[in-house]
Amino acid sequence: MQLLKALWALAGAAICCFLIFVIHSQFLKEERPLEVCGQLAAGTCEIVTLDRDSSQPRRTIARQTARCACKKGQIAGTTRARPACVDARIIKTKQWCEMLPCLEGEGCDLLINKSGWTCTQPGGRIKTTTASLFSLI
């Protein structure tokens with residue numbers, strides 16, 4: 001009888017430990033937006049390709065492709081010169097400066113045809129970015 005009670009107590013303790021482990025794992029999964037098995041955590045982006053062409057004097061052309069796993073109502077964009085998930089309305093209306101694409105201290109202006117934006121540094125240097133949108137089917 002004593003052995004049976006001990007086995008039940010041990011089984012109960014094992015189940016409690018397992019439940020604590022599962023709950024703890026879920027909290028860790030939510031805190032760390034790490035890539036698992038090739039999939040991005042929701043709301044995160046990564047740069048897939050980055051090509052730079054400095055063949056022209058005083059001009060560098062950079063092309064960047066990002067992969068994002070955005071939440072509902074968001075779409076891939078740029079915040080502080082890094083890929084980020086932004087409100088889809090910003091992209092649809094081409095109000096690029098609303099996603100805060102420039103670095104801290106830079107001014108943002110829309111291009112006349114709304115194809116992109118410029119970031120003006122305090123020293124007068126201007127970086128122009130044109131958006132190229134596509135969707136995966």
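Two strands pair if DSSP finds at least two bridges between them; strands (E, at least two residues) and helices (H or I, at least four) are DSSP runs numbered from the N terminus. The model is predicted, so local features need pLDDT of at least 70 and side-chain atom pairs count only at pLDDT 80 or more, while totals for chains, interfaces and linings use all residues. Residues are numbered from 1 along each chain as its sequence is written, and side-chain values use heavy atoms, with hydrogens and water left out.

**Exercise 1.** State the order of the strands in the open sheet that contains β6, and find its edges.

Solution.
- Four bridges join β5 to β6 (residues 116-120), and the two run antiparallel.
- One position to check is Leu-110, which stands opposite Trp-117 in β6.
- The three strands are ordered β5-β6-β7, with antiparallel pairing.
- β5 (107-110) and β7 (126-130) each have a single partner strand, so they stand at the edges with one side lacking a neighbour in the sheet.

**Exercise 2.** Describe the hairpin of β3 and β4.

Solution.
- Six bridges join β3 (residues 74-79) to β4 (residues 82-87), antiparallel.
- Gln-74 has Asp-87 as its bridge partner in β4.
- Two residues lie between the strands, and Arg-80 takes a positive phi near 50 degrees.

**Exercise 3.** Classify the aromatic pair of Trp-96 and Trp-117, and decide whether each residue is buried or exposed.

Solution.
- Rings of Phe, Tyr and Trp (its six-membered ring) pair if their centres lie within 6.5 Å; planes under 30 degrees apart are stacked, over 60 edge-to-face, the rest tilted.
- Trp-96 and Trp-117 are 5.8 Å apart centre to centre with 40 degrees between the planes, hence tilted.
- Trp-96 lies in the loop between α2 (88-93) and β5, and Trp-117 in β6, so the pair ties together parts 21 residues apart in sequence.
- Buried means under 20% relative accessible area, exposed over 50%, partly exposed in between (1.4 Å probe, protein chains only).
- Trp-96, at 2% relative accessibility, is buried, and Trp-117, at 4%, is buried.
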